[in-house]
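The following exchange considers how terms used to describe a protein model are justified. Please examine the structure before reading on.

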Amino acid sequence: MDAPPAEADPSVTGPTGARRPDPLPRRVHAGYALGSLATGAFGTVPGLLLLPYLTDTLGVAAGVAALLVLLPKAWDVLVNPVAGRLSDRTRSRWGPRRPWLLGAGLALAVLFAAIFAAPFGAGPAAGAYVAVAFLATATAFAFFQVPYVAMPAELTGDRAERTRLMTWRIAVLALAILVSGAVAPMVVTATGDGLAGHRWMGLFVAALIALGAVGAFLGTRAVATGAVTETEPTLRAQLAVAAGNRPFRALLLCFVIQSAGVATILAGVSYFADQILRDPENGPTLLFACFVGPALLVMPLWSRLGARLGKRTALVAASLLLAAGALALVAAPALPAAAVYAVVALLGVGYAGQQVFALALLPDCVAHETARTGRRQAGVFTGLWTAGETFGLALGPGLYGLVLQVSGYVSSDTGTAAAQSDQARLGVLLGFTVLPALLVGLAVLLLRGWTLDPDPKGEE
């Protein structure tokens with residue numbers, strides 16, 4: 001049985017209004033971070049495998065496949081703020097967020113497996129089924145992710161502690177991306193490729209999602225997540241508050257654009273490994289290992305750099321490193337494979353910092369606004385955030401699919417990519433390198449002049 005609710009957290013108006021004097025226990029850091037198994041798996045595998053599944057297994061044209069990947073997640077732009085408001089107003093003995101972690105998380109696992117169940121085989125009906133299943137899965141994800149992302153602003157009022165919490169979360173997120181992104185293609189290959197291989201892969205990822213949801217639910221059971229306090233009377237009023245917060249608005253737009261850039265890299269991994277590296281079997285796994293593996297090692301370094309430079313400055317530095325690495329991969333056709341993988345590892349270092357500092361600045365925005373207004377806003381702020389992130393992660397594969405369509409990529413329903421022209425291979429390369437470099441690099445311009453009232457230690 002769960003422990004009784006503790007005193008309300010300082011980031012939300014509570015009985016005393018006092019700040020939490022002690023850091024969060026490590027078991028809470030670890031428990032909360034386990035939720036990233038669910039968010040990492042869902043954020044990675046559809047972006048990595050869904051587009052090639054549609055084009056090279058179900059025989060869907062690249063342009064149509066791009067729309068099938070984009071439109072269901074675009075729906076989250078509407079549903080995520082609703083999920084945030086509902087979690088803001090939830091009253092339960094488990095707190096306002098944790099019931100959603102368990103219920104929506106388990107639904108997410110079941111629906112994810114359904115995406116790749118392929119009851120109609122290949123062809124147009126199969127493509128339509130994937131779109132409907134993906135829409136339902138994206139809805140379940142919204143009701144898991146929004147409460148999950150809202151929790152840090154309520155678990156502690158210390159900005160430095162929230163950065164540590166995000167460091168744990170991003171470390172597990174990197175592990176989740178590594179396991180789901182590297183192993184999922186291996187599961188497809190090991191279980192027969194084609195429809196059968198993708199069915200087994202869907203079950204494997206569903207198990208990861210369920211583990212993450214249950215782990216986050218249990219791991220945060222002994223920590224207060226805030227009591228229900230006064231909120232704006234309507235969803236429209238809450239959205240207006242969030243939209244009027246300039247630091248949040250700039251950070252959100254930057255992160256959405258950068259998420260689209262990262263998602264184009266994810267969407268292009270299988271195509272890049274097949275058409276550029278000429279290694280369709282081992283290439284995707286090696287690319288993911290090089291992209292995510294270094295992130296697990298550099299998290300403490302990014303955390304110390306953020307403490308010295310400030311989170312915003314560190315976010316800009318990490319973003320530029322990620323963009324520079326992506327742009328350098330334009331030379332991949334002329335480089336040995338070892339050099340390509342080394343550059344991908346550089347991307348991974350930048351990606352780790354870009355994720356941790358963007359996610360660490362978000363709860364700072366939320367807590368600042370809550371302290372200023374005395375009203376619970378975390379759900380709506382994070383609802384908008386996750387809506388934007390989800391849209392960006394969907395937009396990336398959509399853009400990549402359109403690049404393939406324009407460059408003349410030929411689809412296949414055999415489970416193996418068809419032979420491609422030089423023009424199509426150029427599209428594969430540019431969509432994997434120049435496009436994400438531009439999206440990630442130019443987005444940092446939105447952070448010029450970004451500021452939030454500093455805490456006593458001077459952190460941004």
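Q: Which residues of helix 13 are called buried, and what makes a residue buried?

A: In this predicted model, the buried residues of helix 13 are Lys 311, Ala 314, Leu 315, Val 316, Ala 318, Ser 319, Leu 322, Ala 323, Gly 325 and Ala 326. The term requires a relative accessible area under 20%, so each of these residues falls below that limit.

Q: How do you know that the length of helix 13 agrees with the expected span?

A: Helix 13 covers residues 311–328 and has 18 residues. Its first and last C-alpha atoms are 26 Å apart, close to the 26 Å expected at 1.5 Å a residue.

Q: What span should helix 5 have, and what distance separates its end C-alpha atoms?

A: Helix 5, residues 98–115, also has its length set against 1.5 Å a residue. Its 18 residues should span 26 Å, and its end C-alpha atoms are 26 Å apart, so the two values agree.

Q: Which residues of helix 5 are buried, and against which helices do they pack?

A: The buried residues are Arg 98, Leu 101, Ala 104, Gly 105, Leu 108, Ala 109, Phe 112, Ala 113 and Ile 115. They pack against helix 2 (35–56), helix 6 (124–150) and helix 9 (194–219). As a general point, an α-helix has 3.6 residues a turn, so residues three or four places apart point the same way.

Q: Why is Ala 118 called buried?

A: Ala 118 has a relative accessible area of 5%. The limit for a buried residue is under 20%; therefore Ala 118 is buried. This residue is found in the loop between helix 5 and helix 6. Its phi is near 50 degrees, a positive value in a residue other than glycine. Most residues other than glycine have a negative phi.

Q: Is Arg 278 buried or exposed, and how do you know?

A: The relative accessible area of Arg 278 is 54%. An exposed residue must be over 50%, so Arg 278 is exposed. Its place is in the loop between helix 11 and helix 12 (283–309). Arg 278 also has a positive phi, near 60 degrees.

Q: Why is Trp 75 called partly exposed?

A: Trp 75 has a relative accessible area of 36%. Partly exposed lies between the limits of 20% and 50%, so the term applies to Trp 75. The residue lies in the loop between helix 3 (62–74) and helix 4 (76–88). With Leu 78 and Leu 135, Trp 75 forms a nonpolar patch on the surface, and together they have about 290 Å² of accessible area.

Q: What makes up the largest nonpolar core, and which helix gives the most to it?

A: The largest nonpolar core has 126 residues, and those with the most contacts inside it are Leu 50, Leu 54, Met 201, Phe 272 and Trp 385. Helix 14 (residues 337–373) gives the most to this core, with 16 residues. Leaving out residues up to four places away in sequence, Met 201 touches Val 45, Leu 49, Phe 116, Ala 184, Val 187 and Val 188.

Q: How many helices and strands does the protein have, and what share of its residues is buried?

A: The protein has 17 helices and 0 strands. Of its 460 residues, 59% count as buried.

Conventions:
Residues are numbered from 1 along each chain as its sequence is written. This is a predicted model: local features need pLDDT of at least 70, side-chain atom pairs count only at pLDDT 80 or more; totals for chains, interfaces and linings use all residues. Side-chain values use heavy atoms; hydrogens and water are left out. Helices (H or I, at least four residues) and strands (E, at least two) are DSSP runs, numbered from the N terminus. Buried means under 20% relative accessible area, exposed over 50%, partly exposed in between (1.4 Å probe, protein chains only). A nonpolar core is a set of buried Ala, Val, Leu, Ile, Met, Phe, Trp, Tyr and Cys residues joined through side-chain atoms within 4.5 Å. Contact means heavy atoms within 4.5 Å. Patches are made of residues with over 30% relative accessible area and no salt bridge: like charges are joined within 9 Å, nonpolar side chains (Val, Leu, Ile, Met, Phe, Trp, Tyr) within 5 Å. Accessible areas come from the Shrake-Rupley method with a 1.4 Å probe; for residues, only the protein chains shown count as cover. A salt bridge is a side-chain nitrogen of Lys or Arg within 4 Å of a carboxyl oxygen of Asp or Glu. The expected span of a helix is 1.5 Å times one less than its number of residues.
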